[in-house]
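The following note is intended for a colleague who meets this structure for the first time. Its points are numbered so that each can be checked against the model in turn.

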Amino acid sequence: MDNCIFCKIVRGELPSKKAYEDEEVLAFHDIRPIAPVHLLLIPKAHVDSLAHCDGTHQAILGRMLLLAPRLAREHGLDGGFRTMINTGRDGGQEVFHLHLHVFGGGERIPKI
Ligand code: 5GP
Ligand code: ZN
């Protein structure tokens, strides 16, 4: 995906503050954090959104979810954290490369 900003981050064409990387997953700090810790976990292989995932994405989705508590712990979020996946225009998604928000720290996040 030539013009996808998260693919550009994966390829190193755009800078990011990396928190984790392996062959399939990249995690980096959100450029506009909404909490003291705000990470984005993405599959390196482009997929537009959660609504575009199918059975072939089962493993990567599992890897991303399981990585969340590990990175939260590593970033000091011992009291907990929130995960969020915005999906589609009406779900508030702005970057159409699947990403899992992991954020927390500071004040307790209001209940939704
Ligand atoms: P969405 O609204 O699509 O769920 O979330 C997109 C997120 O990506 C936003 O929180 C936004 O701040 C973040 N973001 C957008 N562009 C960049 C970028 O170039 N670098 C980083 N690190 N985060 C970005
Ligand atoms: Zn992409």
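1. A residue is called exposed if its relative accessible area is over 50%, buried if that area is under 20%, and partly exposed in between. With a relative accessible area of 61%, Glu23 is therefore exposed. Please bear in mind throughout that this is a predicted model.

2. Overall fold. Two helices and five strands make up the secondary structure of the chain. In sequence order, these elements follow the pattern α-β-β-β-α-β-β. The radius of gyration is 14 Å, close to the 13 Å that the globule rule gives for 112 residues, so the chain is as compact as a globular protein of that length. The C-alpha trace spans about 40 × 30 × 25 Å along its principal axes.

3. Burial and contacts. Of the 112 residues in the chain, 38% are buried. Among contacts with a separation of 6 or more, 54% are between residues 24 or more positions apart.

4. Surface and charge. About 6,900 Å² of the chain is exposed, and carbon and sulfur atoms supply 54% of that area. Positive side chains number 13 and negative ones 14. The centres of these two sets lie 5 Å apart.

5. Strand 5. How many of the five residues of strand 5 are buried? Five of the five residues, 100-104, are buried, so this strand is largely enclosed by the rest of the structure. In a regular strand, side chains alternate between the two faces of the sheet. In strand 5 both faces are covered: Leu100, Val102 and Gly104 are buried on one side, and His101 and Phe103 are buried on the other.

6. Partners of strand 5. Strand 3, residues 37-43, pairs with strand 5 in the antiparallel sense over five bridges. Within this pairing, His38 has Phe103 of strand 5 as its bridge partner. Strand 4, residues 82-84, also runs antiparallel to strand 5 and is joined to it by three bridges. Here Arg82 stands opposite Phe103. Phe103 may thus be inspected from two directions, as it is paired with His38 in one case and faces Arg82 in the other.

7. The hairpin. Strand 1, residues 18-21, and strand 2, residues 25-29, run antiparallel and are joined by three bridges. Lys18 stands opposite Phe28 of strand 2. Three residues form the connection in the hairpin that joins strand 1 to strand 2.

8. Glu23 in context. The residue introduced in the first point is found in the loop between strand 1 and strand 2. Which residues does Glu23 touch, if those up to four places away in sequence are not counted? Glu23 touches Lys44 and Arg63. Glu23 and Pro36 are 13 residues apart in sequence, and their C-alpha atoms are 27 Å apart in space.

9. Gln58. Is Gln58 buried or exposed? Its relative accessible area is 62%, so Gln58 is exposed. This residue belongs to helix 2, which covers residues 58-74. Between Gln58 and His46, 12 residues apart along the chain, the C-alpha atoms are separated by 14 Å.

10. Points to revisit. For the enclosed part of the structure, the reader may return to strand 5, where five of the five residues are buried. For exposed positions, Glu23 at 61% and Gln58 at 62% serve as examples.

Methods
Residues numbered from 1 in each chain as written. Chains lettered and ligands numbered in written order. Predicted model: local features only at pLDDT ≥ 70, side-chain atom pairs only at ≥ 80, totals over all residues. Heavy atoms only, no water. Helix = DSSP H or I, 4+ residues; strand = E, 2+ residues; numbered from the N terminus. Rg over C-alpha atoms; globule rule 2.2 N^0.38 Å. Buried < 20%, exposed > 50% of the residue type's maximum accessible area, 1.4 Å probe, protein only. Contact = heavy atoms within 4.5 Å. Areas by Shrake-Rupley, 256 points an atom, 1.4 Å probe, with all protein chains shown as cover. Lys, Arg positive; Asp, Glu negative; His and termini not counted. Charge placed at Lys NZ, Arg CZ, Asp CG, Glu CD. Pairing = 2+ DSSP bridges.
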